[in-house]
Amino acid sequence: MQSIMGNCFGQSAKCAHASSNFSGSTTERHSKAKLQDSTSSSEKTVVPLGNSKTKSSINCKADGSISNKLKSFSFIDLKNATKNFPPDSLLGEGGFGCVFKGWIDENTLAPTKPGTGKVVAIKRLKPESFQGHKEWLAEVNYLEQHRHENLVKLIGYCSESEKKLLVYEFMPKGSLENHLFRKGVKPIPWPTRMKIAIGVARGLTFLHSLDANVIYRDLKASNILLDSDFSAKLSDFGLARDGPTGDNTHVSTRVVGTQGYAAPEYVATGHLTPKSDVYSFGVLLLELLSGKRAMNDEAGTFVDETLVDWAKPFLSDSRRVLRIMDTRLGGQYSKKGAQAAAALALQCLHTDPKNRPAMIDILTSLERLPTSNVLPRNPQGMIDNHRGKHFNHSR
Ligand SMILES: Nc1ncnc2c1ncn2[C@@H]1O[C@H](COP(=O)(O)OP(=O)(O)OP(=O)(O)O)[C@@H](O)[C@H]1O
Ligand SMILES: [Mg+2]
């Protein structure tokens, strides 16, 4: 599932996040080693992505469209909206395919001239991606059914035989990965990092609170998209699935996700619970604190293989805990806030999932973190303290 930027055009291409100050032309993909069937399928129940409940909820109408809540675009529409998917409109590339900037009319959603109307992000599935078709369907299902201010909004889709595309709201600041790890990018100030952590925690709390106990399963910096004010939204629901309900303690699945973020018990057994997301959240919190990737990168910023292995000894020693902090913060953070966030990360990373806190409790702790003794360097760093908004269905 690893891919290198340039597959979209057979050459290296520039990313078109116009409003962000990235200078790099390639996306580094060190943390993207995907986990797939790491143990033999005979050793555990293999459940396809999306259970029967999810599948039966797909509203396939006679005209071939999936849902009347989403706009069904023709391929020609999306070709026009992007002016034929040119390299200079490329926003990024993942395992699924390439993401382009496009323009549509705010009201009719018809394609408009580039630079006019509403900006959208259009993800185009690579034709050779077999797994991608299942993920495409899961993504449409979950994002069509669940709307929340911390989940990226799906506007529509295109499904014309092998041509599968998704049309999302455009997120002007791109992915958290680009801001945290890309060289030459202005470091994100501490209050903004905590604002992002709170946004992600709100999104996950919302998913875990649904009747279906939805498990996101692919939490990582590249799947967190940022709005113009650095509000965070979860994207990529291709691996999401309904969690255990009733007396069931877990669901059994084949192991998918991303190395460095996936919970150890899930990787070992395929047993999935909402606490798997909590572990990944702990890893993400460590990335926000340390500015280091979940998996060691080429620069070898730490000796151990994973960020968790490297950071754990510091996290459990209150005198040394601040040694994990990102030096690019220049000491501009609340010491107490950082210590509390590190303690929270340690709880999330507990080897026994039962001892990890629930997302709702993590959210409450994050909202209470002391941040006040560090003034944000710019208004974007202000903490958005809208309490009680976790269950705001925007539909
Ligand atoms: N709605 C959006 N608005 C703006 N940029 C986006 C949007 N969706 C995706 N992008 C950009 O495109 C990049 C690729 O996204 P994509 O989800 O395809 O792959 P990924 O998350 O990087 O990798 P993976 O396939 O492993 O999940 C993102 O990192 C981001 O920079
Ligand atoms: Mg992604």
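Two strands are taken to pair where DSSP finds at least two bridges between them. In the predicted model described here, strand 6 (residues 154-160) and strand 7 form a hairpin with 2 residues between them. Within the turn, Ser161 adopts a positive phi of about 45°. The pairing of strand 6 with strand 7 is antiparallel and extends over 6 bridges, with Tyr157 having Leu166 of strand 7 as its bridge partner.

Strand 7 (residues 163-169) is also joined to strand 5 (residues 118-125), again in an antiparallel arrangement, by 5 bridges. In this pairing, Arg124 lies opposite Leu165 of strand 7. Of the 7 residues of strand 7, 5 are buried, so the strand is largely enclosed by the rest of the structure.

These strands belong to an open sheet of 6 strands with the order 2-6-7-5-4-3 and mixed pairing. Strand 2 (71-72) and strand 3 occupy the edges, where each has a single partner strand; one side of each is therefore left without a neighbour in the sheet. At the edge formed by strand 2, the pairing with strand 6 is parallel and comprises 2 bridges, and Lys71 has Gly156 of strand 6 as its bridge partner. Helix 2 (residues 75-82) packs on the sheet, where it touches strand 4 (97-104), strand 5, strand 6 and strand 7. The direction of helix 2 makes about 80° with that of strand 4.

Towards the other edge, strand 4 pairs with strand 5 in the antiparallel sense through 8 bridges, and Phe100 has Ile122 of strand 5 as its bridge partner. Strand 4 pairs with strand 3 as well, likewise antiparallel, over 3 bridges; here the partner of Glu93 is Cys98 in strand 4. Strand 3 and strand 4 are joined as a hairpin through 3 residues. For strand 4, 8 of the 8 residues are buried, so this strand is largely enclosed by the rest of the structure.

Elements of the sheet also contribute to the surroundings of ligand 1. Strand 3 (90-93), strand 5 and helix 4 (176-181) each provide at least two residues of the shell, and the largest share, 3 residues, comes from strand 3. There are 23 residues around ligand 1, of which Gly92, Gly94, Gly95, Ala121 and Ser175 come nearest. By residue class, the shell consists of 9 nonpolar, 9 polar and 5 charged residues. Domain 1 (26-169) and domain 2 (176-381) each contribute at least three residues to the shell.

A further local environment is that of Val308, a residue of helix 8 (residues 307-315). Val308 has 21 other C-beta atoms within 10 Å; because a residue counts as buried with 20 or more such atoms, Val308 is classed as buried. Beyond residues up to four places away in sequence, Val308 touches Val283, Leu286 and Leu349. The C-alpha atoms of Val308 and Glu287 are 9.6 Å apart, with a separation of 21 residues in sequence.

Over the whole protein, 10 helices and 12 strands are assigned. Of the 395 residues, 45% are buried. Among contacts with a separation of 6 or more, 70% are between residues 24 or more positions apart.

Notes
Residues are numbered from 1 along each chain as its sequence is written. Chains are lettered from A and ligands numbered from 1 in the order in which they are written. This is a predicted model: local features need pLDDT of at least 70, side-chain atom pairs count only at pLDDT 80 or more; totals for chains, interfaces and linings use all residues. A residue is buried if 20 or more other C-beta atoms lie within 10 Å of its own, exposed if 12 or fewer, and partly exposed in between; C-beta atoms are placed from the backbone. Helices (H or I, at least four residues) and strands (E, at least two) are DSSP runs, numbered from the N terminus. A residue is near a molecule or strand if its C-beta atom, placed from the backbone, lies within 6 Å of it. Ala, Val, Leu, Ile, Met, Phe, Trp, Tyr, Cys and Pro count as nonpolar, Asp, Glu, Lys and Arg as charged, and the others, Gly among them, as polar. Domain bounds come from an automatic or database domain assignment. Two residues are in contact if their C-beta atoms, placed from the backbone, lie within 7 Å. Axes are lines fitted to C-alpha atoms, for helices over the stretch in contact, and angles run from 0 to 180 degrees between N-to-C directions.
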